[in-house]
Amino acid sequence: MKINGKLAVVTGASRGIGAATAILLAEKGAQVILVARSEGDLLHVATRIRQAGGIAYIVASDLADAASTRSAAQAILQNHGVPDLLVNNAGAGRWLFAEETPEGEEDVMIALPYLAAFRLCRAFLPGMLSRRSGMILNVNSPASLIPWSGATGYAASRWALRGFAEALRADLHGTGIRVCEVILGETSSNYFKANPGSYLRLPKLAKFFPLLTPEEAAWYIVKAVRQNRSTYTAPFLLAVNRFFLGLMPGLFKTISWKSDFPHP
Ligand SMILES: NC(=O)c1ccc[n+]([C@@H]2O[C@H](COP(=O)([O-])OP(=O)(O)OC[C@H]3O[C@@H](n4cnc5c(N)ncnc54)[C@H](OP(=O)(O)O)[C@@H]3O)[C@@H](O)[C@H]2O)c1
C-alpha cells in the first residue's frame with residue numbers, strides 16, 4: 001500500500017508502539033488520527049508530528065467502552081471520512097491465572113484489544129467496502145500463537161484478535177480490503193509498567209529474542225503495510241520460531257508451557 005496521502009487511524013497512539021507507528025506513518029506522508037484515552041499524551045504526539053511537517057488529529061476515547069468507541073468512530077467518519085488504514089494497536093491486560101483474576105477484569109481483558117478492534121472495523125467497513133479499498137492491521141502478541149502459563153485472559157483476548165483477523169480475511173476476500181496481522185516480540189514500551197507483575201511471567205523462551213524498541217516495532221508495522229502483507233512476525237528469531245511451531249506444534253507447546261511461575 002502506498003502510504004503517502006492516505007488517512008490512517010492508529011489506536012493506542014498516546015505512547016509506545018502506537019505513538020511510534022503514528023509518527024512513522026506521518027513521516028511517510030499519511031494523515032494520522034491518534035486514538036487513546038490520555039488526551040494530553042495524544043496532544044504531545046500530535047504536536048511532535050505537526051512540528052515535523054506532518055498532519056495529525058486526536059480523538060480521545062476509552063476503547064474498552066462500546067459507546068465511547070462508537071462515538072470515536074462516528075467523529076472520525078464525520079470529520080475526516082473513511083480511513084484507508086486502521087491500525088488496531090490499543091491493548092492492555094495484566095498477566096493473571098484465571099483463578100486470581102478479580103471479577104470484572106476478564107471483561108476489560110477481552111475489551112482490549114479484541115472488542116475494540118471488532119467495533120472499529122464494524123464502523124469503518126461499510127465505507128471501505130463501498131470504496132473497495134483499505135487495510136485493517138492488527139498488532140498482536142506471540143501469546144496468540146502459543147499461550148504461556150499465568151496469562152490466561154491476556155492470551156485468550158489475543159487468540160480472539162487473531163481469530164478475528166482470520167475470519168475477516170475470509171469475509172473480505174476479493175473486496176480489495178486487506179487484513180494484516182503483525183506479531184511482535186517483547187518491546188521496550190511502557191506495557192509492563194502499565195500492567196504490573198506481568199514481566200515476571202515472561203516465558204524463558206522469550207528471553208532469547210532481541211528486545212525491540214517501539215520505533216523498531218513501528219518500522220516492521222509500516223513495512224507490513226507497504227508490502228501489503230497478510231502476516232508479519234518480528235524480530236526474525238520469533239519468525240523462525242513461528243515457522244518451527246507450524247512444523248512441530250506439540251514440541252513447541254511443551255517448551256512454552258514450561259513455567260516456573262507458581263499458581264497463587
Ligand atoms: N510491549 C510488548 O512487549 C508487546 C509485544 C507484542 C505485542 N504488544 C501489543 O502491542 C500493543 C501496544 O502495546 P505497547 O507495548 O505500546 O503498550 P503501552 O505502551 O502500554 O501502550 C498501550 C496503548 O494502548 C492505549 N490504551 C490502553 N487502554 C486503552 C483504552 N481503554 N482505550 C484506549 N486506548 C487504550 C494506551 O493509551 P491510554 O492509556 O492513553 O489510553 C496506549 O496508547 C498492545 O496491544 C500489546 O499487546 C506489545
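## Exercises on a predicted model

In this structure, helix H4 contains proline 113. The model is predicted.

**Exercise 1.** Determine which residue precedes proline 113 and whether the peptide bond between the two is cis or trans. Then locate the residue that follows alanine 234 across a cis peptide bond.

*Solution.*
Step 1. The residue before proline 113 is leucine 112, and the bond that joins them is cis, with omega near 5°.
Step 2. Alanine 234 is joined to proline 235 by a cis peptide bond, for which omega is about 5°.
Step 3. Proline 235 belongs to the loop between strand E7 (231-234) and helix H8 (236-247).

**Exercise 2.** Classify the rings of phenylalanine 118 and phenylalanine 164 as stacked, tilted or edge-to-face, and state whether each residue is buried, partly exposed or exposed.

*Solution.*
Step 1. A pair of aromatic rings is described by two quantities, the distance of the centres and the angle of the planes.
Step 2. The structure holds twelve aromatic pairs. In the pair formed by phenylalanine 118 and phenylalanine 164, the ring centres are 5.2 Å apart and the planes meet at 35°, so this pair is tilted.
Step 3. The two residues come from distant parts of the chain, 46 residues apart: phenylalanine 118 lies in helix H4 (residues 105-131) and phenylalanine 164 in helix H5.
Step 4. Buried means under 20% relative accessible area and exposed means over 50%, with partly exposed in between. Phenylalanine 118 has 33% relative accessibility and therefore counts as partly exposed. Phenylalanine 164 has 9% and therefore counts as buried.

**Exercise 3.** Classify the aromatic pair of tryptophan 219 and tyrosine 220, and name the residues that ring pairs link into a cluster.

*Solution.*
Step 1. For tryptophan 219 and tyrosine 220, the distance is 5.5 Å centre to centre and the angle between the planes is 75°.
Step 2. Planes over 60 degrees apart count as edge-to-face, and the pair of tryptophan 219 and tyrosine 220 is edge-to-face.
Step 3. Tryptophan 219 has 48% relative accessibility, so this residue is partly exposed.
Step 4. The cluster linked by ring pairs consists of Trp95, Trp148, Tyr154, Tyr191, Phe192 and Tyr199.

**Exercise 4.** Describe how the protein surrounds the ligand, beginning with the polar side-chain atoms of serine 14, arginine 15 and serine 189.

*Solution.*
Step 1. Each of these three residues places a polar side-chain atom beside an oxygen atom of the ligand: at 2.8 Å for serine 14, at 3.1 Å for arginine 15 and at 2.4 Å for serine 189.
Step 2. The ligand taken alone exposes 880 Å², of which the protein buries 97%.
Step 3. Two or more residues of the shell come from each of helix H1 (16-27), strand E5 (134-140), helix H5 (152-171) and helix H6 (191-194).
Step 4. In total, 29 residues surround the ligand. By class, twelve are nonpolar, twelve polar and five charged.

**Exercise 5.** Identify the loop that holds arginine 132, and state whether its phi is positive or negative. Do the same for asparagine 228.

*Solution.*
Step 1. Arginine 132 is in the loop between H4 and E5. Its phi is near 55°, a positive value in a residue other than glycine.
Step 2. At 52% relative accessibility, arginine 132 is exposed, because exposed means over 50%.
Step 3. Asparagine 228 is in the loop between helix H7 (214-226) and E7. Its phi is positive, near 55°, and the residue is not glycine.
Step 4. Asparagine 228 has 32% relative accessibility and therefore counts as partly exposed.

Note on methods: Residues numbered from 1 in each chain as written. Predicted model: local features only at pLDDT ≥ 70, side-chain atom pairs only at ≥ 80, totals over all residues. Heavy atoms only, no water. Near = heavy atom within 4 Å. Polar contact = N/O pair within 3.5 Å; in protein donor to acceptor, adjacent residues only side chain to side chain. Areas by Shrake-Rupley, 256 points an atom, 1.4 Å probe, with all protein chains shown as cover. Helix = DSSP H or I, 4+ residues; strand = E, 2+ residues; numbered from the N terminus. Nonpolar A, V, L, I, M, F, W, Y, C, P; charged D, E, K, R; others polar. Phe/Tyr/Trp six-rings, centres within 6.5 Å; stacked < 30°, edge-to-face > 60°. Buried < 20%, exposed > 50% of the residue type's maximum accessible area, 1.4 Å probe, protein only.
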